Amino acid sequence: MSWIDQRPDDAMDGAFTAVGPGPVTSVEPLVFREAMSRLGAAVHVVTTAGVAGKSGFTATAVCSVSDQPAMLLVCLNRRSNSAPVLSQNGVFCVNTLGADEEKLADMFAGRSGIHLDERFSVGDWMTLKTGSPVLASAVIAFDCQTIEIKAVASHNVIFGAVQAVRLGPSGPALVYHERLYKKV
């Protein structure tokens, strides 16, 4: 069988499991941060609820992994207060924010001084299949069961199987670009 005949997941099997024995070198952190600031990204509030409590955080590092099964990933700094809560709960919801939800983005980013579950005092919240908080005004919400968590550098990469999707009101979404919120 040639590589053309393989399914993409067969061709990629093991592609991300091998790590070289030597130290990883890269560009300087400040150069990387400046470059990443120019990469516009949707703004999401990622939430979780369960045995470890309720928590949420703002994230731009979210992307699809596959559509069969439907999976996505979220990146979260391991030093975040939300990291152990999300890990223990084993569920999360990615809520993509509408264009006018900068205040909510800042609150869940920790810029308001409001702590973990107190952040849910703003907005209209509901639940879907996993019990994670779903923002009623979110452009889209992906309710996920955690499949795997991989530690990579300073962050956890959390893989989730999408258990439910809620399409919110249509309209412009909030993006983060050049260290500013913008409407798209």
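**View 1. The whole protein holds 4 helices and 12 strands.** This is a predicted model, so please read the views below with that in mind. Buried residues account for 36% of the 184 residues in the protein. The protein exposes about 11,000 Å², and carbon and sulfur atoms supply 57% of that area. If we take the contacts between residues at least 6 apart in sequence, 65% of them join residues at least 24 apart.

**View 2. Here is an open sheet of 7 strands with antiparallel pairing.** Which order do the strands follow? Reading across the sheet, they run E3-E2-E6-E9-E10-E5-E4. The edges belong to strand E3 (53-59) and strand E4 (62-67). Each of these two has a single partner strand, so one side of each is left without a neighbour in the sheet. From one strand to the next, the twist averages 30°.

**View 3. Strands E6 and E9 run antiparallel within the sheet.** How many bridges join strand E6 to strand E9? There are 6, linking residues 91-96 of E6 with residues 140-152 of E9. For a spot to find by eye, try Cys93: its bridge partner in E9 is Asp143.

**View 4. Helix H3 packs on the sheet.** Helix H3 spans residues 82-89. Which strands does the helix touch? They are strand E2 (44-50), E3, strand E5 (70-77), E6, E9 and strand E10 (155-167). The direction of H3 makes about 120° with that of E3, the strand already met at one of the edges of the sheet.

Technical notes. Residues are numbered from 1 along each chain as its sequence is written. This is a predicted model: local features need pLDDT of at least 70, side-chain atom pairs count only at pLDDT 80 or more; totals for chains, interfaces and linings use all residues. Side-chain values use heavy atoms; hydrogens and water are left out. Buried means under 20% relative accessible area, exposed over 50%, partly exposed in between (1.4 Å probe, protein chains only). Contact means heavy atoms within 4.5 Å. Accessible areas come from the Shrake-Rupley method with a 1.4 Å probe; for residues, only the protein chains shown count as cover. Two strands pair if DSSP finds at least two bridges between them. Axes are lines fitted to C-alpha atoms, for helices over the stretch in contact, and angles run from 0 to 180 degrees between N-to-C directions.
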